[in-house]
Amino acid sequence: MKLATLPGSGRDGQLAVVSEDLHWCAQASHIVPTLQAALDDWDRHEPALRALAMEVAHESIPLERFHEREALAPLPRAFQWADGSAYVNHVELVRKARGAELPDSFWHDPLMYQGGSDDLRGGRAPITLADETWGCDMEAEICVVTGDVPQGTAAAAALGHVRLVGLVNDVSLRNLIPGELAKGFGFVQSKPATHFSPVFATPDSLGDAWSGGKLNLPLMVDLNGQPFGRAEAGEECTFDFGTLIAHLARTRNLGAGTIIGSGTVSNRDPDGSPGRPVGAGGRGYSCIAELRMVETIASGAATTPFLHYGDTVRIEMKDRTGHSLFGAIEQQVVPLKQ
């Protein structure tokens, strides 16, 4: 089952069920008005939503054309958005870029930060940037949405609380990060609004691509129309989503609608090196910071700039038959209008 949020009368939009091929949709307001409301009482609403999805699949009810560009973030605002560090290779590279060592604990104890969740944006909403010198970067990731998760839930049981899966662009302002982290209180200004794929999908709809709390498909990232990243999301994923959920729930309950990100998807080369660009036969990168670090290792200086006004980013994942699973995050960087 695939779900999206379309513009409605309120801030949280209106829930719609989307066909598997993302071509058609049916509004679900007669069942439940918003995705958050559905998650709040999932056991009651899920069967009716699945029945509606079956009607959409069989085209047995009037349908509307689904336009990805019209979709809001599936959860335009959420009670919690937390981003993890499933791909430790990425963490190691970006820490090297700012001269910080990687503690050994990062390989067995996930890193996680809590981001702003009151302004979550759709996949076609532009990246609004007030100052190019802040070093704007994309970070292509996987995310899950949970139901209620009791405090102390173990990793093995945590996957049973995953309701939906989707994609994220966790935008970062790289040049603001070192100063913020030096204060010892974590990210705030360096993490602006996060963008999400037009559609979230239930794990069962992903088939065998969803296995062991990982999504085992390439994550496709294009920059200005050119392939930038083709990292395999299921490989080198140090922490599966069960582990990330359990980490967050260690000391508190998680409310239904909690969104947890994987962190930037990242692969090494088979020889253990940090990885090559797609154009050089590698799998590329899911953020610019990694490429800049590789350039620094190779030549002593980074040459690829961070994002500028007018640049475009596209993030998408396709199944093994070439069909888009969640729709595309496709954005342009634009100046913030005062």
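## Strands 19 and 20

In this predicted model, strand 19 (residues 312-316) pairs with strand 20 in the antiparallel sense over four bridges, where strands are DSSP runs of E of at least two residues, numbered from the N terminus, and two strands pair if DSSP finds at least two bridges between them. Within this pairing, valine 313 stands opposite glutamine 331 in strand 20.

The model is predicted, with pLDDT of at least 70 needed for local features and 80 or more for side-chain atom pairs to count, while totals for chains, interfaces and linings use all residues. Residues are numbered from 1 along each chain as its sequence is written, and side-chain values use heavy atoms, with hydrogens and water left out.

## The open sheet

Strands 19 and 20 belong to an open sheet of five strands with mixed pairing, in the order 7-20-19-16-17. Strand 7 (127-129) and strand 17 (226-232) stand at the edges and have a single partner strand each, so one side of each is left without a neighbour in the sheet. From one strand to the next the twist averages 20 degrees, with axes taken as lines fitted to C-alpha atoms, for helices over the stretch in contact, and angles running from 0 to 180 degrees between N-to-C directions.

Strand 7 runs parallel to strand 20 (residues 329-335), and three bridges join the two. Threonine 128 has valine 334 of strand 20 as its bridge partner, and leucine 129 stands opposite proline 335 in strand 20.

## Proline 335

Proline 335, which is found in strand 20, is partly exposed, with a relative accessible area of 44%; buried here means under 20%, exposed over 50%, and partly exposed in between, for a 1.4 Å probe and protein chains only. When its neighbours within four places in sequence are left aside, proline 335 is in contact with Leu129 and Tyr309, contact meaning heavy atoms within 4.5 Å. Proline 335 and alanine 28 are 307 residues apart in sequence and 36 Å apart in space, C-alpha to C-alpha.

## Two loop residues with positive phi

Most residues other than glycine have a negative phi. Leucine 22, in the loop between strand 2 (14-18) and strand 3 (24-27), nevertheless has a positive phi near 65 degrees, and this residue is buried, with a relative accessible area of 6%.

Asparagine 224, although not a glycine, also has a positive phi, of about 55 degrees. Its place is in the loop between strand 16 (218-223) and strand 17, and asparagine 224 is partly exposed, with a relative accessible area of 38%.
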